[in-house]
Amino acid sequence: MTATTEARETGARPAEPAGSGFGAVLRVQLRTGWKAPVIWVLALVGGYAATVAALDTTYGTPEQLATYEQTVGSDPAMAAINGTPYGADTLGGVAANEFGFIAAIAIPLMGLFLVARQTRAPEESGLLELLRSRGVGRRAPWTAAVVVTVVALALVGTGMALVLIAYGEPADAAWLYGASIATLGGVFAGLATFVGQLVRRAAGVTAVGIIVLGGAYLTRAIGDVRDNAWKWLSPLAWQQETRPFADDSRVWPLLLALAVVIVLVVAGLVLVGSRDLGSAMVASRPGPRRASRFGASTLGLALRAHAPAGLGWIAGAAVVGVVFGAFTDDIADAVAANPALAGMFGADAADQVNESYAGFTLLLIAFMAMGCLAQSMLRLHGEETGGRLEPTLARASHRVGWMTTHAVTAAVFACIALLVGGAGLAWTAGDRVDGVLAATAAYLPAVLVIGGLGMLLFGLVPGWSSLIWLVLAYAVFADLLGSTLSLPDWALALSPTHVVGDVPVDDVDAAAELWLSVVALGTAAVGAIGFRLRDVPR
Amino acid sequence: MADVIEIEGLHKHFGKVRALDGLDLRLAEGQVLGFLGPNGAGKSTTIRVVLGLMRKTSGQVRLFGDDPWAHAVRLHRRLAYVPGDVALWPQLTGGQCIDVLTSSGPAVNAERRDALIERFDLDPTKRVRDYSKGNRQKVALVAAFSAEADLLVLDEPTSGLDPLMEEVFRETVAERAADGASVLLSSHILSEVDALCEDVAIVRKGTIVRSGSVAELRSLSRTSVHAVTTSPAPTLDHATVSGLQRTPAGEGTELSFSVDPGALDTVLPPVLAAGVSALTVRPPSLDELFLSEYEDA
């Protein structure tokens, strides 16, 4: 009621529009948060430039590009993972395909995180209340965050287009590609603006965003493999279907994406104008008067902390495993019909393609499990900065016990996510690929390395806890683009998933498994000792 | 009987910053000690070292006769702690948080807990994120007071409480002290310290600048006297009185000065002999005492 009255009052007095204070908020956001957009832009444009440069050496001649289109470009397994490689007989098309997976994950996350961390996050912590008391309207923080994010995305798109033009690609194709990438990020920035009005916590905003991204990835994959209309549900397809480097390139999917951006942003800004500070459209209800004995224990609290995200990742991994596994039949059919692929792989081409495809899907599931663990390990630091660790440890509870309970709970959820994903893959792809379950298990130590690193960071340098995301981002980068960029062996070996090897194509390497387990346990132990010996809070 | 808290020459450095610089503090069994000092003087750091959350740089710290850093878990079974800025799990209810906070540590008196929830007028079914600062504070207080703790460590525990709740807080601390609990009460509210504590320790820049009983501290500071005499007042010894102001008032004199409480019986008789038409003798207020301790360079 209050909100409606207030909104009406604001409407009656245009002298104080809800967007006032925009400049002030913009300055605060840039002062406190300039690093994040700068890192995103530099990392994405730099990674893309390196990819294009490497591809230009490998596929320098039209003949080489033609080979790419006939083999990799017509491989349905690649279509599931990277999307349909339109125009894969041009450098831009090959780069779009090779960079496709990273762009499909990183660009949406960029849009999502950049908006959420400057809006719901400070609103949750109470910072926005102080700002809002200083002549800053309801909409200003959101418009400022959207503007910063859109500018950062535009810089990414421009950077990519300039790289392509520098390597001799036609300017109109380059700019269409850059614009489609920027708009893809814009869709998720708009999503964050809209969802940010419905849920209270910044973590909730990113969780909804990641679920939407997962759905977008799946519907795009289904649409690309089965060649049906499912893909039009996916913002990733809106980007891909502009087909910038193909002969039939078109602008209208870009306009569809832009329309969605505008609808989401406007809806979000309308909603924020009529709600109370700190509130959400979803109200909270009273809860139980007492906690159960288990609920009040360290394990109970750890379960409560890690279960929501953990269950989400488990469900996501299961869906990816089952759906991507189901594509193996389509892939076998497509390979059988493609003489070029059969020529490359020999008589059992379908099995070989499916095996490496299953291996790639498993890698994807391993990344999801690692993301699950990285997110959960960061909650340990969240307990400390949130001020809850102090009263927790002022009870008669062991520090190391508290830390290991949380870490083990988080690791169990991540391992279940990996195993469930692998089991889903084995279920739908098992009749075509052998050894999926063994290969899944081979990733367990690599996933646990993330947990060990999380404990190491939290125990020794808690302020640097979020570096764990950088480690994970590096693993994704090195595994997906390492061979394209011809990274040296030592650089590849820094990625725990790379150390596992190419399972199930190759056999599980016992020495690598042992080495990863030692690293996981060693880092965890050092982290635990560091935590025992350090001040709380620090 | 060993003291509950014994601190001697405690140093805690954060890089180049000396947060605690040779601090001494004692809390005897059953004592209620007011722990005062300006913001950033080192009160919370001292408490964190006592709780074994932070490691001392050097010096002696004993909690129940033992090293709190090495034996934190065992020693915490005998104490309850209320932090100055209470942070709780936003998705839990207040009642659940009370159970979490008391789940390990001293035994809980369930009857007292339920009574305290009533007295502090707390809705235990409400989610913590919907609580105000004062209500979060009440959750931590109920949890601490329902435990059968030998020691209560309270770090500015009443920030955010309304005057009514502040009163309930004082009653509850007094009850727990009467049960024999020792209390370390860090506070800025002087009336609260005056009402609850027999003894105080004042910390400034990481060292104790004054400690003793409240009565003792009172006797150390000067009583102010204001008098109007009917005949000209006698000359007063400048060695015993200070801040002397004399103005003629009709036949007599208007006098105001301050004096050590111990010297009152030598200073007052000659003034009274001059005939007094008005006289106020005001004992030192704690506020004045603390302000002078806080301000002194």
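## Worked exercises on a predicted model

A:Thr149 has its place in helix α10 of chain A; helices (H or I, at least four residues) and strands (E, at least two) are DSSP runs numbered from the N terminus. The model is a predicted one, in which local features need pLDDT of at least 70 and side-chain atom pairs count only at pLDDT 80 or more, while totals for chains, interfaces and linings use all residues. Residues are numbered from 1 along each chain as its sequence is written, with chains lettered from A and ligands numbered from 1 in the order in which they are written.

### Exercise 1: a residue and its helix

**Task.** Decide whether A:Thr149 is buried or exposed, and find which residues it contacts beyond its neighbours within four places in sequence.

**Solution.**
- Start with the count around the residue: 28 other C-beta atoms lie within 10 Å of A:Thr149, so it is buried. The cut-offs are 20 or more other C-beta atoms within 10 Å for buried, 12 or fewer for exposed, and partly exposed in between, with C-beta atoms placed from the backbone.
- Next, list the contacts, meaning C-beta atoms, placed from the backbone, within 7 Å. Once neighbours within four places are set aside, A:Thr149 touches A:Gly111, A:Leu114, A:Val115 and A:Ala189.
- Now look at A:Phe113: 36 residues separate it from A:Thr149 in sequence, yet their C-alpha atoms are 9.2 Å apart.
- Finally, check the helix itself. α10(A) covers residues 140-166, and its 27 residues should span 39 Å at 1.5 Å a residue; the end C-alpha atoms are 38 Å apart, which agrees. The expected span is 1.5 Å times one less than the number of residues.
- Just after α10(A) comes A:Gly168, with a positive phi of about 90°.

### Exercise 2: two helices, two degrees of cover

**Task.** Find how many residues are buried in α7(A) and in α9(B).

**Solution.**
- Helix α7 of chain A takes in residues 100-116, and its 17 residues should span 24 Å, in agreement with the 24 Å between its end C-alpha atoms.
- In α7(A), 14 of the 17 residues are buried, and the helix is mostly covered.
- Helix α9 of chain B (residues 264-273) is hardly covered, with 0 buried among its 10 residues. B:Gly275 follows α9(B) and has a positive phi near 80°.

### Exercise 3: chain A and chain B as wholes

**Task.** Find what each chain is built from, and test chain A against the rule for a compact globule.

**Solution.**
- Chain A has 26 helices and 0 strands, whereas chain B has 10 helices and 13 strands.
- For 538 residues, a compact globule would have a radius of gyration near 24 Å, and chain A agrees with 24 Å. The radius is taken over C-alpha atoms, and the rule is 2.2 Å times the number of residues to the power 0.38.
- The C-alpha trace of chain A spans about 70 × 55 × 35 Å along its principal axes; for chain B the box is roughly 75 × 45 × 35 Å.
- Buried residues come to 51% of the 538 in chain A and 40% of the 297 in chain B.
- Of the contacts between residues at least 6 apart in sequence, 77% join residues at least 24 apart in chain A, and 69% do in chain B.

### Exercise 4: a sheet in chain B

**Task.** Work out the strand order of the open sheet of 3 strands, and say why one side of each edge strand lacks a neighbour.

**Solution.**
- The order is β2-β1-β4 in chain B, with antiparallel pairing; strands pair if DSSP finds at least two bridges between them.
- β2 (17-27) and β4 (58-63) of chain B are the edges: each has a single partner strand, so one side of each has no neighbour in the sheet.
- The average twist is 25° from one strand to the next. Axes are lines fitted to C-alpha atoms, for helices over the stretch in contact, and angles run from 0 to 180 degrees between N-to-C directions.
- Strand β1(B), residues 5-14, is joined to β4(B) by 5 bridges, and one bridge pair is B:His11 with B:Ser58 in β4(B).
- Helix α1 of chain B (residues 43-50) packs on this sheet, touching β1, β2 and β4 of chain B, at about 65° to the direction of β2(B).

How values were computed. Two residues are in contact if their C-beta atoms, placed from the backbone, lie within 7 Å.
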